[in-house]
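User: I should like to understand how the labels given to a protein model follow from its computed values. Could the reasoning be set out step by step?

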Amino acid sequence: MKKTAIRLSTILILLTFISLNVTAQHAPKREFRGAWIQAVNHQFEGIPTATLKSILSSQLDTLASCGINAILFQVRVEGDALYKSELEPWSGYLSGRQGVAPDEDWDPLRFMIAECHKRGMELHAWINPFRARTASTPVLDSRHQISLHPERFIKYGNLTLFNPALQENRDFICQVAADIVSRYDIDGFHIDDYFYPYPEDGLEFNDAESFRKNPRGFTDRDDWRRDNVNLFIEQLFYTIRSIKPWVKFGISPFGIYRNATASYPEGSATNGLENYSGLYADVLFWIDRG
């Protein structure tokens with residue numbers, strides 16, 4: 001009887017192994033098929049909450065029918081919030097005026113998480129880290145960081161940006177991330193490709209004083225700027241990992257890392273704006289560091 005039991009156990013183990021092996025060989029690799037739903041184009045602005053819920057639900061139905069399995073939902077456009085936040089004011093891209101809550105007691109991020117999960121889709125909270133104000137925001141709420149700490153920002157054309165050189169700015173943005181990750185059941189946290197601003201002819205990003213005060217051993221300002229972004233990316237990565245290690249961290253950098261030149265022949269056969277020298281985003285450095 002004992003031998004029979006041992007043989008049966010052995011057979012079950014072998015069958016289980018064979019079954020797992022067959023499943024592993026034939027199961028398709030899981031693909032990440034993501035779509036961005038943005039607020040910066042003003043598509044939500046001033047729409048009644050009930051109508052907006054219906055629009056978003058319809059968008060999700062369409063995307064799910066196309067095979068999309070992840071939504072990157074913009075929840076922070078310019079130092080504001082499309083969710084209930086104690087750190088930053090309600091976004092004007094939602095209500096039409098910064099600091100004004102929606103016309104119903106609802107939380108767009110919480111709504112989108114629930115609706116995505118109902119459809120078997122992931123929800124990634126997407127923020128713009130450094131953009132703080134655009135020309136389309138004439139009035140700032142008193143809770144906005146520019147209102148509270150104007151010395152931490154740099155104007156560049158029609159934009160105002162968090163100065164990436166300041167540790168207090170990096171700390172604050174990571175605090176915003178920690179708040180989102182800890183309070184919401186998101187599957188991923190995402191940032192877009194706006195680090196230093198897209199260059200405009202004849203405009204200089206005026207961070208000379210920050211470089212003079214705290215060069216951290218750098219003599220080349222471009223290398224220093226890249227290091228500012230590197231420090232932020234590393235801090236944000238570990239902020240997310242320390243709270244929920246399973247939450248994915250994503251970045252969508254500009255399409256060109258570096259153009260092929262005599263000094264960098266490994267670059268692509270392109271001749272356009274570079275992440276490396278234009279936005280000061282050293283993407284390969286991040287990959288190499290994991």
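**Aromatic pairs, burial and cysteines**

Analyst: In this predicted model, a search of the whole structure finds 17 aromatic pairs. One of them joins F130 and F232.

User: Why is the pair of F130 and F232 called tilted?

Analyst: The ring centres of F130 and F232 are 4.9 Å apart, and rings pair if their centres lie within 6.5 Å. The angle between the two planes is 55 degrees. Stacked requires under 30 degrees and edge-to-face over 60, so an angle of 55 degrees makes this pair tilted.

User: What makes this a link between distant parts of the chain?

Analyst: F130 lies in the loop between strand 3 (122-127) and strand 4 (131-133), whereas F232 belongs to helix 8 (residues 221-243). The two residues are 102 residues apart.

User: How do you know whether F130 and F232 are buried or exposed?

Analyst: The relative accessible area of F130 is 0%, and that of F232 is 0%. Buried means under 20%, so F130 is buried and F232 is buried.

User: Which label fits the pair of Y194 and Y198, and why?

Analyst: The centres of Y194 and Y198 are 5.3 Å apart, with 50 degrees between the planes. The distance is within 6.5 Å and the angle falls between 30 and 60 degrees, so the rings form a tilted pair.

User: Why are Y194 and Y198 called partly exposed?

Analyst: Y194 has a relative accessible area of 34%, and Y198 has one of 26%. Partly exposed covers the range between 20% and 50%; therefore the label applies to Y194 and to Y198.

User: What makes Y156, Y196, F205 and Y280 a cluster?

Analyst: Ring pairs link these four residues, Y156, Y196, F205 and Y280.

User: How do you know that C66 has no disulfide bond?

Analyst: The closest cysteine sulfur to that of C66 is in C116, 14 Å away. A disulfide requires sulfur atoms within 2.5 Å, so C66 is too far from C116 for a bond. By this rule, the count of disulfides comes to zero.

User: Why do C66 and C174 receive opposite labels, buried or exposed?

Analyst: C66 has a relative accessible area of 59%, which is over 50%, so C66 is exposed. C174 has 4%, which is under 20%, so C174 is buried.

User: How much of the chain counts as buried?

Analyst: Of the 290 residues of the chain, 46% count as buried.

Note on methods:
Residues numbered from 1 in each chain as written. Predicted model: local features only at pLDDT ≥ 70, side-chain atom pairs only at ≥ 80, totals over all residues. Heavy atoms only, no water. Buried < 20%, exposed > 50% of the residue type's maximum accessible area, 1.4 Å probe, protein only. Phe/Tyr/Trp six-rings, centres within 6.5 Å; stacked < 30°, edge-to-face > 60°. Helix = DSSP H or I, 4+ residues; strand = E, 2+ residues; numbered from the N terminus.
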